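Let's take a walk through this fold together. Have the sequence and the 3D view open, and we'll go from the overall picture down to single residues.

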Amino acid sequence: MEEKLEILLVEDEPETCTAFAEAIYGSDDFVLIGVTNNATKALNSIMDAQPDAVILDLELHYGVGSGIHVLNNMRSLNLEKRPYMLVTTNNSSTLTYESARALGADYILFKHQPNYSVNSVLEFLSIMKPMIKSLRANTNTNMESPETPEQRHRRMTTRIMNELNNVGISTKAIGYTYLIEAILITIKEPTPNINSIIAQKHGKTDASVERAMQNAINRAWRTGNIEELLYFYTARINPARGVPTITEFVSYYANKLKNEY
């Protein structure tokens, strides 16, 4: 049997998501590997699942972020196999189209053009399927030089940033950068002196670094969506405390990413 095209759907209209799922179900050409209306989750799925193609809604009015956000941040993921990016949009701006193409959109379908439908999108991908599969196969057989330490560091940093964003750690929090550095250090070699290492690097006291990291975690657990927190952070938390300690938080993500990579 011919290999199916693996598709990630990034769309915020529930009816459209259902229509795509129903059209793809049982198809000989496609398999739907994920659906999300969240730009950050889309980037995580692209990096982790490495789909063959992404059907990307540019607006995401009822979701989080935008398709432009996905296209812009994909460039920092250092993907071995880049998915085919099929953009769908209600926007008719020429400038927006040019920006999307410059950021990596392979093709753009205007939702208000004649004969646009879920089926027309899938028919287009069906036509493109042999070329998409061929190009991705060539990517596997013609790999460039091995990943450099700098590339690995950048990839891991981006991955950690996505994880912190998932649980609502604000990029504006002082402890945001400290937590990223602490997780990177622990991935390389667990150490009890993380606060001191980070404090020395930034010219801060150990106590101020520890306080900033714990405050960032506390704020996320106080203000975040509990369902999202439980989904993205699966480690056990002491119910009397209600939030992870720095050590628990850092160890959880260090172990998670170490196991993945």
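What follows starts with the whole chain and then moves through its cores, one helix and a few chosen residues.

First, keep in mind that this is a predicted model. The protein chain has eleven helices and five strands, and its C-alpha atoms fit in a box of roughly 60 × 40 × 40 Å along the principal axes. Of the 261 residues, 42% are buried. If you look at contacts with a separation of 6 or more, 67% of them link residues 24 or more positions apart.

On the outside, the accessible surface comes to about 14,200 Å², and carbon and sulfur atoms account for 51% of that. As for charge, there are 25 positive and 30 negative side chains. The centres of those two sets lie 9 Å apart.

Now for the inside. Nonpolar side chains tend to be buried together in soluble globular proteins. Here, the largest nonpolar core has 35 residues, and the members that touch the most others are Ile160, Leu164, Val167, Ile169, Leu179, Trp221 and Phe249. Helix 6 (149-166), helix 7 (174-188), helix 8 (194-202), helix 9 (206-223), helix 10 (226-232) and helix 11 (246-260) each put in at least two residues. Helix 7 gives the largest share of this core, with eight residues.

Leu179 is a good place to see how this core is knitted together. Not counting residues up to four places away in sequence, Leu179 touches Leu164, Ile169, Met213, Ala216, Ile217, Phe249 and Val250. Apart from this core lies another one, made of 22 residues, including Leu43, Ile46, Met47 and Ile108.

Let's stay with the first core a little longer and pick Val167. This residue sits in the loop between helix 6 and helix 7. Is Val167 buried or exposed? With a relative accessible area of 3%, Val167 counts as buried, because the cut-off for that is under 20%. Leaving aside neighbours within four places in sequence, Val167 is in contact with Ala220, Leu229, Phe232, Tyr233, Phe249 and Tyr253. For a sense of scale, the C-alpha atoms of Val167 and Lys4 are separated by 33 Å, and the two are 163 residues apart along the chain.

Next, swing over to helix 2. Within residues 39-49, the buried ones are Ala39, Thr40, Ala42, Leu43, Asn44, Ile46 and Met47. What do they pack against? The buried residues of helix 2 meet strand 1 (5-10), strand 2 (30-36), strand 3 (53-57), helix 3 (67-74) and helix 6. Both ends of the helix are worth a look too. At the N-terminal end, Asn38 acts as a cap, with a side-chain oxygen 2.9 Å from the backbone nitrogen of Thr40. Just after helix 2, Gln50 takes a positive phi of about 50 degrees.

Asn44 belongs to helix 2, and its relative accessible area of 7% makes it buried. Setting aside neighbours within four places in sequence, Asn44 is in contact with Arg159, Asn162 and Asn166.

To finish, compare another asparagine, Asn138, which is in helix 5 (residues 118-141). Asn138 is partly exposed, with a relative accessible area of 37%. Asn138 and Asn218 are 80 residues apart in sequence, and their C-alpha atoms are 47 Å apart in space.

Methods
Residues numbered from 1 in each chain as written. Predicted model: local features only at pLDDT ≥ 70, side-chain atom pairs only at ≥ 80, totals over all residues. Heavy atoms only, no water. Helix = DSSP H or I, 4+ residues; strand = E, 2+ residues; numbered from the N terminus. Buried < 20%, exposed > 50% of the residue type's maximum accessible area, 1.4 Å probe, protein only. Contact = heavy atoms within 4.5 Å. Areas by Shrake-Rupley, 256 points an atom, 1.4 Å probe, with all protein chains shown as cover. Lys, Arg positive; Asp, Glu negative; His and termini not counted. Charge placed at Lys NZ, Arg CZ, Asp CG, Glu CD. Core = buried A, V, L, I, M, F, W, Y, C linked by side-chain atoms within 4.5 Å. Polar contact = N/O pair within 3.5 Å; in protein donor to acceptor, adjacent residues only side chain to side chain.
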